Amino acid sequence: MIEWDDVRYFLAVARGGSVRTAAARLRVNHSTVLRRIAQMEARLGAQMFEKLPSGYRLTEAGQDILEFAAQMEASSHRLETRIFGRDQGVRGVLRVTMAPTLATHLLMPDFAEFARLHPEVEMEILSSDAPVNLTNREADIALRVVHDRTTLPPNLHGLKGPELFDGVYLSRDRLAARDAVGAVRWIVKNGAAMPDLARAGDIRAAGVPFRTTDAGAQIVAARQGLGMAVLPCFVGDAEPLLVRAPGTELHRHGTLWLLTQGETRKTKRVRLFTTFIARRLAAYASRLAGMPPGG
């Protein structure tokens, strides 16, 4: 009899291409993955992977197993989601995914209040820009910036939130010294292309950028006077050491959406959280749009 738990390990290696990647995804150690794969191969009497210098490749038997393993996974997720949707208790885990800047620069005080109101909910904030599969229960709720509503997956329930705007920011000291030090670098993240130079407004932009790997480092670099950066208005306006670059305009980045899966959204703790956070986002609408207080 093949156990579903062993199948999870098989799928993780098949999709990740290595034991290390599978271990990281499943949050277990390397030896556990190897043991589970060996256990499943012994039960089936077949070798599922060929170990190569580049990683693990499915054998012919492994390819045959993959289709059925994926079907088992889909059935398991449907069952789990259906049962989760019937759960009307508040106690339990609640996984929410969102961009790191939304978690750290805007909503963490609200999460703290929700936790005080509902101490029996075990919250897990997945602060990442990486895609998360709600159908597979990788998260219960996703807060995402959507550029085009037609791109929303049809199997998800969406609650539309406020619009999000970006601005161009640099440190006060760097702005004051721009005439003395010359052109100002763009600070860009994640290997993105340099912004349209016309958006620099009254600032002369340098042709050589300063690159960072994440938004947090980009914000700190701007604080330190390394250049100017395109930041969400709710981030840049809240930084006392930063100012908007003169002559620049705000840019509409997208619309915030609260996304849930059909069965999952029926759960009481999911409904409580989405109602709570939707009200908070509505209160932040002017801040997200880069409007002055009271604007």
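Hi everyone, this is a short walk through one protein chain, from its overall layout to two residues and a helix pair.

First, the ground rules. We are looking at a predicted model, where local features need pLDDT of at least 70 and side-chain atom pairs count only at pLDDT 80 or more, while totals for chains, interfaces and linings use all residues. Residues are numbered from 1 along each chain as its sequence is written, and side-chain values use heavy atoms, with hydrogens and water left out.

On confidence, the chain averages a pLDDT of 85 (the predictor's confidence in each residue, from 0 to 100), and 91% of the residues score at least 70. Among the elements, helix α9, residues 233-236, has the highest mean at 96, and helix α7, residues 178-181, the lowest at 69. As a reminder, where pLDDT is low, the predicted coordinates should not be read in detail.

Now the overall layout. There are 11 helices and 11 strands, taken as DSSP runs numbered from the N terminus (helices are H or I, at least four residues; strands are E, at least two). The C-alpha trace spans about 75 × 50 × 35 Å along its principal axes. Of the 295 residues, 41% are buried (under 20% relative accessible area; exposed is over 50%, and partly exposed is in between, with a 1.4 Å probe and protein chains only).

Let's go to threonine 213, in the loop between β8 (210-212) and α8 (215-223). Is this residue buried or exposed? Threonine 213 counts as exposed, because its relative accessibility is 65%. Its side chain makes a polar contact of 3.3 Å with the side chain of aspartate 214. (That term means a pair of N or O atoms within 3.5 Å; within protein, one must be able to donate a hydrogen and the other to accept it, and residues adjacent in sequence count only if both atoms are side-chain atoms.) The C-alpha atoms of threonine 213 and glycine 191 are 7.4 Å apart, with their positions 22 residues apart along the chain.

Arginine 269 sits in helix α10, residues 268-283. With a relative accessible area of 4%, arginine 269 is buried. A polar atom of its side chain lies 2.9 Å from the backbone oxygen of valine 93.

Finally, which residues of α10 touch helix α5? Among them are Arg269, Leu272 and Phe273, while the α5 side includes Leu106, Leu107 and Asp110 (contact means heavy atoms within 4.5 Å).

Thanks for listening, and I'm happy to chat afterwards!
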